[in-house]
Amino acid sequence: MALLTDDECQADVVVLGTGLTESIVAAAVARSGRRVLHLDAAETYGGAGRSLPLREYIAWAGDARDARMPGDGVQAGGDLRSLPRHGWQRLWEPFAPRRTPETAEMPEETREQTEVPEGQRAFALSPERTECYAERSFEWDPFQQMNGIRRKKNELLRNPSAFSLDLSPRLLYGRSEHVDVLIESGVARYLEFQGLKFTRVLTSEGLISVPLTKSEIFQDAHLSKAEKRMLMRFITSIQPYVSSLAFQSAAQLGVDQAAKIKGPSDQSALGMELDGSWRAFLQQQNLSERLQDFITYSICLWDWAPTEAFPQLSCREALERLGAFISSLGLYGRGTSMPLLFPMYGIGEVSQGYTRLCAVHRGVYALRTRATHLLAQEEEDGTMQLSGLVTCRGEQIKASRLVAACGELLQDQVPSQSSSQHCRRMTVLLSSPPLGEEGVSLCVVPPQSLDPPLQNVVQVLQLDFSSGACPHGYFLAHLSQASISDPGPLPFADLDRVLEELLKRSPKTACIFRCRYLQRPRDVATRWDVSTRTGGFMERCLHEERLAVVSDPPAVPQLLAVQEVHDARRIFGSFFGAESAFLPKPQHVAEEEMSGSLEELEHFNQQMQAQEAQEAQEPPVASLVQEDAEQ
Amino acid sequence: MSAKKKVLLKVIILGDSGVGKTSLMNQYVNKKFTNQYKATIGADFLTKEVMIDDKLVTMQIWDTAGQERFQSLGVAFYRGADCCVLVHDLTVPKTFESLEVWRDEFLIQASPRDPDNFPFVVLGNKADLESKRKVTAARATQWCKSKNSIPYHETSAATAQNVEVAFQEIARRALKQEHTEDPIYLPETLTLNANQQNFSNNRPMGPDCAC
């Protein structure tokens with residue numbers, strides 16, 4: 001039964017789940033020279049942050065029960081992948097039991113009786129794995145407006161891999177900690193990105209583009225002259241403060257150095273109270289309501305309306321966000337005015353990039369592998385110490401440290417509690433771009449734009465084939481709205497209204513499918529019944545920093561990947577000390593970069609030579625040395 | 001960054017563990033880049049510039065980095081491949097039987113636009129161990145023929161036998177594929193690199209920048 005060799009069963013750290021944070025931790029641990037065994041019960045990478053092809057997406061969304069494994073619905077949907085998998089089963093018997101391990105049906109007591117070595121003890125884990133996405137639904141042609149939807153559906157299902165649909169879509173600031181880590185670690189070499197083309201605000205007057213540069217403000221057709229002056233004055237007064245935040249890139253400083261740099265501390269800059277309300281500050285600056293919305297929602301990308309129940313944006317955080325935005329402006333790509341990057345094919349690619357880095361550094365990967373028991377060694381003082389785990393194939397893994405995604409390591413009969421903060425999500429496939437223009441772009445809808453006002457601001461991320469997320473000629477819109485209150489009977493009402501409002505502008509646009517769900521990150525703290533033996537043991541492992549539980553993808557910010565690298569760094573630091581190098585540049589990447597730079601230099605010199613030759617009508621200088629000498 | 005448009009071909013090597021994928025790659029490339037390979041870490045991807053009919057192209061050969069061992073290669077590995085090399089060990093019949101599955105796996109994961117004509121190349125490796133051969137050339141050739149005439153080479157990463165020839169064919173087929181694969185206009189994608197960041201560090205707050 002066992003697949004892993006004895007050597008592979010010895011690890012320093014076992015990671016359960018292949019979400020983004022887990023994958024970053026795995027890469028960092030392997031990069032530091034330690035042995036990593038990385039497992040996932042699903043048959044694809046990405047965990048709660050995976051990007052799915054169409055068939056898997058439908059199977060996932062159509063099955064509203066939460067307590068199902070990500071791969072479970074796949075075969076029911078007649079997934080194409082069953083084809084070669086059967087091939088594998090035929091050829092390679094050990095792979096046959098890929099899901100519903102036989103232990104799943106056994107009662108807990110029986111499962112307790114796994115054979116363990118002398119002096120060790122096994123703690124049974126629940127075979128259930130749950131997800132943070134609730135109330136999922138999927139509909140073809142939700143507005144019953146399409147003729148030939150059946151034909152369209154068949155056409156799309158014929159090539160389901162043309163889709164790569166994010167459950168929790170994520171963007172990166174062009175200059176941000178995460179981008180620095182991607183570059184420094186070398187993972188960026190595996191990835192491609194699309195820059196956001198533009199940003200819009202949906203107001204009662206229609207879709208308005210947000211002017212991001214001085215010339216755009218000057219030429220803007222919607223703002224009044226007075227507003228343009230107000231905005232320029234505000235920008236000028238805030239500039240020295242914000243540009244001081246645009247500190248050196250970590251790719252140059254080294255990631256660890258950059259992490260030590262503190263955020264804004266210069267209280268005096270604008271005479272503002274850093275902990276005070278940003279809304280109030282903007283009002284003091286005499287900015288019109290509309291400009292306040294522009295700055296707060298489309299530049300700071302703040303997720304909450306200014307109502308009492310919601311978190312309020314402080315000046316400190318607003319300036320940090322403004323700084324992140326501005327220091328990223330114009331970094332990547334011409335014609336992309338927004339300083340945000342969308343990873344091609346979705347965020348699932350980014351976690352796969354990290355798993356590759358881990359594998360390159362001798363990390364061992366096994367999908368379709370679930371942990372059934374934790375193993376503990378009895379110490380001399382009588383306490384139990386984490387010593388490893390048992391897999392669904394009965395392999396006994398020896399490891400002293402464990403990282404687990406939120407949906408892993410659960411106990412029978414202990415329901416996960418969700419935090420009250422959640423994100424309402426809706427993804428639609430459309431026949432024309434909902435934001436009026438093609439390209440990856442963003443739209444924010446301030447609450448007051450619609451009448452009656454929305455409960456909270458809505459963000460709309462538009463994707464097309466250039467992002468690798470959907471086929472040519474189609475457009476995806478990810479609509480999302482953060483919330484705190486009880487979802488109530490109609491949690492998606494605001495998202496529906498925004499979609500309706502956007503579609504009103506192009507009556508010919510057909511909505512081919514609509515998928516809706518709640519993203520409810522679970523509480524990491526209250527996941528076990530600590531009065532039980534197993535729960536108590538796991539709680540103690542957590543406190544002793546031998547076990548780390550990774551949070552679900554955060555509901556807020558809805559679209560920005562900012563939390564994952566922080567979390568991964570914290571977990572890595574808790575295991576091996578904050579001074580351990582976190583994903584330093586591998587030697588072979590440094591060498592590649594060096595040869596890349598030399599190539600640049602050579603090319604530059606060639607151009608210079610060509611130019612000089614043209615100007616002087618003389619034969620070009622033969623070598624670099626000579627050229628240097630002339631200068 | 002570079003102004004000259006480079007042709008970059010992505011080549012992936014598939015096959016069961018132990019058939020010599022990494023060794024083949026290293027035998028082919030490391031003549032030029034020995035310093036880039038460290039035995040202590042697994043292989044990542046290796047690049048090599050090749051001339052094909054007077055055209056200089058960069059071949060980027062991706063190793064599985066061991067993720068194939070438990071059938072755990074993610075879809076990201078397969079994306080955008082211009083040619084897929086299927087390797088078996090001609091002394092181990094099971095590795096030859098797996099080729100069918102690797103080919104299917106590739107076609108589903110990579111989902112090329114024209115699966116029937118996607119370029120594969122099959123390499124029967126460890127040809128230096130002739131006395132231990134279990135898969136005859138006839139059997140391999142026949143299978144390749146049945147799959148829309150995939151070219152077949154017998155190679156040895158140990159002695160370098162046929163390696164150069166095989167990779168020339170791989171590059172040629174990849175380049176041909178690269179020409180046919182882009183019938184619709186694809187917008188340029190962005191890649192992140194340190195040079196770019198360093199460049200922009202010195203970027204002053206331009207006159208056209210709002211803040």
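Which residues does A:Thr427 touch, not counting residues up to four places away in sequence? In this predicted model, A:Thr427 touches A:Tyr57, A:Leu476, A:Ala477, A:His478, A:Phe513, A:Arg514, A:Cys515 and A:Tyr517. Salt bridges number 36 over all chains. The mean pLDDT of chain A is 83, with 84% of its residues at 70 or more. The points below treat the surroundings of A:Thr427, selected salt bridges, three secondary-structure elements of chain A, and local confidence.

**Surroundings of A:Thr427**

- A:Thr427 belongs to strand β17 of chain A, which covers residues 422-430.
- The relative accessible area of A:Thr427 is 1%, and the residue is therefore buried.
- One of the residues that A:Thr427 touches is A:His478, and the side chains of A:Thr427 and A:His478 make a polar contact at 2.9 Å.
- A:Tyr57, also touched by A:Thr427, is one of the buried residues of helix α2 of chain A.
- A:Arg514, another residue in the list of contacts, takes part in a network of salt bridges that links it with A:Glu139, A:Asp496 and A:Arg516.

**Helix α2 of chain A**

- Helix α2 comprises residues 54-62, and its buried residues are A:Leu54, A:Glu56, A:Tyr57, A:Ala59, A:Trp60 and A:Ala61.
- The cover over these buried residues includes the strands β3 (51-52), β5 (133-140), β6 (165-166), β17 and β21 (511-519), together with helix α5 (149-158), in chain A.

**Salt bridges**

- Side chains of opposite charge can pair when their charged atoms come close.
- A:Arg279 and A:Asp293 form a salt bridge in which the closest N and O atoms are 3.2 Å apart. This pair links distant parts of the chain, with A:Arg279 in helix α11 (residues 278-284) and A:Asp293 in helix α12 (residues 289-299) of chain A, 14 residues apart. Both A:Arg279 and A:Asp293 are buried.
- A:Glu317 and A:Arg321 are joined by a salt bridge with an N to O distance of 3.1 Å. Both residues lie in helix α13 (residues 315-328) of chain A, where a separation of 4 residues corresponds to about one turn of the helix.
- Is A:Arg321 buried or exposed? A:Arg321 counts as buried because its relative accessibility is 11%, whereas A:Glu317, at 31%, counts as partly exposed.
- In chain B, the side chains of B:Arg139 and B:Glu97 meet in a salt bridge at 3.6 Å, N to O. The two residues are 42 residues apart and link distant parts of the chain, B:Arg139 being in helix α4 (residues 137-146) and B:Glu97 in helix α3 (residues 93-110) of chain B. Relative accessibility is 34% for B:Arg139, which counts as partly exposed, and 35% for B:Glu97, which also counts as partly exposed.

**Strand β9 of chain A and its partners**

- Strand β9 (residues 199-203) is largely enclosed by the rest of the structure, because 5 of its 5 residues are buried.
- In a regular strand the side chains alternate between the two faces of the sheet.
- Both faces of β9(A) are covered, with A:Thr199, A:Val201 and A:Thr203 buried on one side and A:Arg200 and A:Leu202 buried on the other.
- With strand β18 (residues 441-445) of chain A, β9(A) pairs in the parallel sense over 3 bridges. The bridge partner of A:Thr199 in β18(A) is A:Leu442.
- With strand β10 (residues 206-209) of chain A, β9(A) pairs in the antiparallel sense over 4 bridges. A:Arg200 has A:Ser209 as its bridge partner in β10(A), and the two strands form a hairpin with 2 residues between them.

**Helix α17 of chain A**

- Helix α17 (residues 563-576) has 14 residues, which should span 20 Å at 1.5 Å a residue; its end C-alpha atoms are 20 Å apart, so the two values agree.
- Because 10 of the 14 residues are buried, α17(A) is largely enclosed by the rest of the structure.
- The buried residues of α17(A) include A:Val565, A:Ile571, A:Phe572, A:Phe575 and A:Phe576, and also the charged-type residues A:Glu564, A:Asp567 and A:Arg569.
- A:Gly577 follows α17(A) and has a positive phi, near 95°.

**Local confidence**

- Over residues 64-112 of chain A, pLDDT stays under 50, and the model has 97 contacts beyond four places in sequence for this stretch.
- Residues 257-265 of chain A also have pLDDT below 50, with 13 contacts in the model beyond near neighbours in sequence.
- Where pLDDT is low, the predicted coordinates should not be read in detail.

How values were computed
Residues are numbered from 1 along each chain as its sequence is written. Chains are lettered from A and ligands numbered from 1 in the order in which they are written. This is a predicted model: local features need pLDDT of at least 70, side-chain atom pairs count only at pLDDT 80 or more; totals for chains, interfaces and linings use all residues. Side-chain values use heavy atoms; hydrogens and water are left out. A salt bridge is a side-chain nitrogen of Lys or Arg within 4 Å of a carboxyl oxygen of Asp or Glu. Buried means under 20% relative accessible area, exposed over 50%, partly exposed in between (1.4 Å probe, protein chains only). A polar contact is a pair of N or O atoms within 3.5 Å; within protein, one must be able to donate a hydrogen and the other to accept it, and residues adjacent in sequence count only if both atoms are side-chain atoms. Contact means heavy atoms within 4.5 Å. The expected span of a helix is 1.5 Å times one less than its number of residues. Two strands pair if DSSP finds at least two bridges between them. pLDDT is the predictor's confidence in each residue, from 0 to 100.
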